Amino acid sequence: MTNNYSTLTELFSAIADAIRFKSGTVDAISAKNFPELIMDIKSYTKYQYNNSKVVEITPYMFYSNQDITSVDCPNVTTIGDNAFANCANLERVFVSDGVTYVGADAFKGCHCTIYLDCEPNGFDDHWNPDDCEVMLLTKTYNISKTSYDSVIAKSYANTVGEHHLYVCGAGRAKPIHADMNSSDAAAWYDIRRTITTIVVAAGVTDIGDDFMFAGFANLASVYIYGPISDLGRAAFDGCVTLTDFNIPDSVTRLCSDAFYDCTNLVSIVIPVSVTRIDSRVFKNCTNLIAINYKGTVTQWRSINTEAT
C-alpha cells in the first residue's frame, strides 16, 4: 500500500472510514488521499450505488471506476471534483434537489444521463457534462398504492422535449393516472407519449396494477431494479416502439396482455424465476422472433402457461 498519510493514526482512520463506508454507516469519506482504497470500495459499488446515508461524494471518489453504472444518493449535498471522471460504464446519475455544489470535471469522460432535480446554480463552471445528456425535472407524481408506501414518479425533459420517467421511493406503485382529475389526466396523456425511457428504482417492490405503463408510444428503454414479482396486466400494452425487453430475475409471473400490441417487439429475455405466463402476454407482437429463456428445457416445460 502506498503511504499517502503522515501518521499511522491517519492511515488506520482512513481504513476504518472505508470499512464503515462499505457498510453504509458513514456520511462521507474523510481520508486525505485514498486511491488505494478505491479497489476495496469497488466490490460494494458495482452496478448501482444507492445510499441514503451519504451526504458528500468527495473528490476522485469513483475516479475511473469501471463497475459503477447507476448512482442515486438522495441526501448528497456535494459532489467533488472528478468524483465520477472516466467512469466509462456509468449510465445514470440522479442529482437531488439538495445538491448545492458539483465540482470541476465531476463527470468528465462519462457518457451518461444526468437527472437534475435542481438548477445548476452554484455548480463549478467546468462540472463537465459535455458528453452527457442532462435531463431537468418537470413534475413529480405521488403514485403510492397504500398509506404505508412512498412511491413517486418523476418526469424529466431534455432540450428537445423528450421525457424520461423515474419511479422511486419504497413500496408498491399504482398507475400514475389513477387519482388525477380530468385536466391533469389530459396533461399526463400528452407527456407519456413523449417518454422514451423508464427507470424503476431498487426500492419499488410492485408495479403490478393494470396498465401501469400502457400507451407510452415512444418508449424505447426500460430499466427495472426493484424486486418486483410480476408484470401487471397490460403493463406495456401499446408500447409500439419497444424493440427488446429484459425481464428482471425477480419476476415470477407475466400477467395477461403484458406486451399486448407491442408491434415492434423483436426479442425478450425471460428469467428462470418465471413460473407462470398468462394468456395473450404477446398478443399482436407481430415482429417477435426471439424469446430467450435463461433456464433449461425441463424448466421451461414446467412453467404454468395459458395461450400466449
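Q: What makes strand 17 a neighbour to look at from Asp 230, and which residue stands opposite Asp 230 there?
A: Arg 253 of strand 17 is what stands opposite Asp 230 in this predicted model.

Q: Why are strand 15 and strand 17 called a pair?
A: Pairing takes at least two bridges between the strands. Two bridges join strand 15 to strand 17 (residues 253-254), and the two run parallel, so they qualify as a pair.

Q: What makes strand 15 and strand 21 the edges of their sheet?
A: The sheet is open, has four strands in the order 15-17-19-21, and pairs them in parallel. Strand 15 (230-231) and strand 21 (304-305) each have a single partner strand, so one side of each has no neighbour in the sheet.

Q: How do you know that strand 9 pairs with strand 10, and in which sense?
A: Six bridges run between strand 9 (residues 152-157) and strand 10, in the antiparallel sense. The cut-off is at least two, so this counts as a pair. One of the matches is Ala 153 with Val 167 in strand 10. The two strands make a hairpin with five residues between them, and Gly 161 in the turn has a positive phi of about 85°.

Q: What does strand 10 do with strand 12?
A: Strand 10 pairs with strand 12 (residues 195-200) in the parallel sense, over five bridges. Here Tyr 166 sits opposite Val 199 of strand 12.

Q: Why is strand 10 called mostly covered?
A: Six of the six residues in strand 10 (residues 163-168) are buried. That goes for both faces: His 163, Leu 165 and Val 167 on one side, His 164, Tyr 166 and Cys 168 on the other.

Q: How do you know that Cys 285 is not bonded to Cys 262?
A: A disulfide needs the two sulfurs within 2.5 Å. The closest cysteine sulfur to that of Cys 285 belongs to Cys 262, and at 5.2 Å it is too far for a bond. A search of the whole structure agrees, with zero disulfides.

Q: What makes Cys 285 buried or exposed?
A: Buried means under 20% relative accessible area. Cys 285 comes in at 9%, so it counts as buried. Cys 118, with 12%, is buried too.

Q: Why is the contact between Lys 294 and Asp 249 called a salt bridge?
A: The cut-off is 4 Å between the side-chain nitrogen and the carboxyl oxygen. This pair meets at 3.1 Å, N to O, so it passes. Lys 294 is in the loop between strand 20 (290-293) and helix 4 (297-301), and Asp 249 in the loop between strand 16 (244-246) and strand 17, so the bridge ties together parts 45 residues apart in sequence.

Q: Why is Asp 249 called exposed or partly exposed, and how about Lys 294?
A: Exposed starts over 50%. Asp 249 has 51%, so it is exposed, whereas Lys 294 has 48% and counts as partly exposed.

Q: What makes Arg 276 and Asp 278 a salt bridge, and how covered are they?
A: Their side chains meet at 2.6 Å, N to O, inside the 4 Å limit. Arg 276 is partly exposed at 30%, while Asp 278 is buried at 3%.

Technical notes:
Residues are numbered from 1 along each chain as its sequence is written. This is a predicted model: local features need pLDDT of at least 70, side-chain atom pairs count only at pLDDT 80 or more; totals for chains, interfaces and linings use all residues. Side-chain values use heavy atoms; hydrogens and water are left out. Buried means under 20% relative accessible area, exposed over 50%, partly exposed in between (1.4 Å probe, protein chains only).
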